[in-house]
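User: I am new to this structure and would be grateful for a close look at a single part of it. Please take one helix and explain how it is placed with respect to its surroundings.

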Amino acid sequence: MSNATLTITGMSCGHCVAAVSNALKAVDGVTVEDVRIGSATVAFDAAKVTPAQLAQVVTDEGYAATVAG
Ligand SMILES: [Cu+2]
């Protein structure tokens, strides 16, 4: 498993944290490690998904996400 941290803008409350967390959990090959307002840290299987795809999943939820590392 690899790790990635996403920097996320547009999150403001616990609902946002839950929405981002659930969206990432739904991705095959992803284990959510930490989600808080402004960022998400995940472990992922690089054979199944890329950090850029994870950022897109968060963007599809209505937030703006970039890969921080
Ligand atoms: Cu919210």
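Analyst: A residue is called buried if 20 or more other C-beta atoms lie within 10 Å of its own, exposed if 12 or fewer do, and partly exposed in between, with the C-beta atoms placed from the backbone. Helices (H or I, at least four residues) and strands (E, at least two) are DSSP runs, numbered from the N terminus. The model is a predicted one, in which local features need pLDDT of at least 70 and side-chain atom pairs count only at pLDDT 80 or more, while totals for chains, interfaces and linings use all residues. Residues are numbered from 1 along each chain as its sequence is written.

The part chosen here is helix H1, which comprises residues 14-25. In H1, the buried residues are Val20, Ala23 and Leu24. These residues lie on the same side of H1, because they cover an arc of only 95° around the axis (the arc is that of the directions from the helix axis to the C-beta atoms). The other side of H1 carries the exposed residues Gly14, His15, Ala18, Asn22 and Lys25. The length of H1 also agrees with expectation: its twelve residues, at 1.5 Å a residue, should span 16 Å, and its end C-alpha atoms are 16 Å apart. The expected span is 1.5 Å times one less than the number of residues in the helix.

Against what do the buried residues of H1 pack? Their partners are S1, S2, S3 and H2, where two residues are in contact if their C-beta atoms, placed from the backbone, lie within 7 Å. H1 lies across the strands S1, S2 and S3, and runs at about 170° to S2. Such angles run from 0 to 180 degrees between N-to-C directions, and the axes are lines fitted to C-alpha atoms, for helices over the stretch in contact. Helix H2 (residues 51-60) packs on the sheet as well, where it touches S1, S2, S3 and S4, and its direction makes about 170° with that of S4.

The sheet itself deserves a description. It is open, with four strands in the order S2-S3-S1-S4 and antiparallel pairing; two strands pair if DSSP finds at least two bridges between them. Its edge strands, S2 (30-36) and S4 (64-67), each pair on one side only. From one strand to the next, the twist averages 25°.

Strand S3 (39-44) is among the strands that H1 lies across. S3 has a covered face, formed by Ala40, Val42 and Phe44, and an uncovered face, formed by Ser39, Thr41 and Ala43. S1 and S3 run antiparallel and are joined by six bridges, and Leu6 stands opposite Ala40 of S3. S3 also pairs with S2 in the antiparallel sense, over six bridges; Arg36 has Ser39 as its bridge partner in S3. Two residues separate S2 from S3 in a hairpin, and Gly38 in the turn has a positive phi of about 105°. Strand S1 (residues 2-9) pairs with S4 in the antiparallel sense over four bridges, and Thr66 of S4 is the bridge partner of Thr7.

For the setting of H1 in the whole chain, the elements run β-α-β-β-α-β from the N terminus on. Buried residues make up 26% of the 69 residues.
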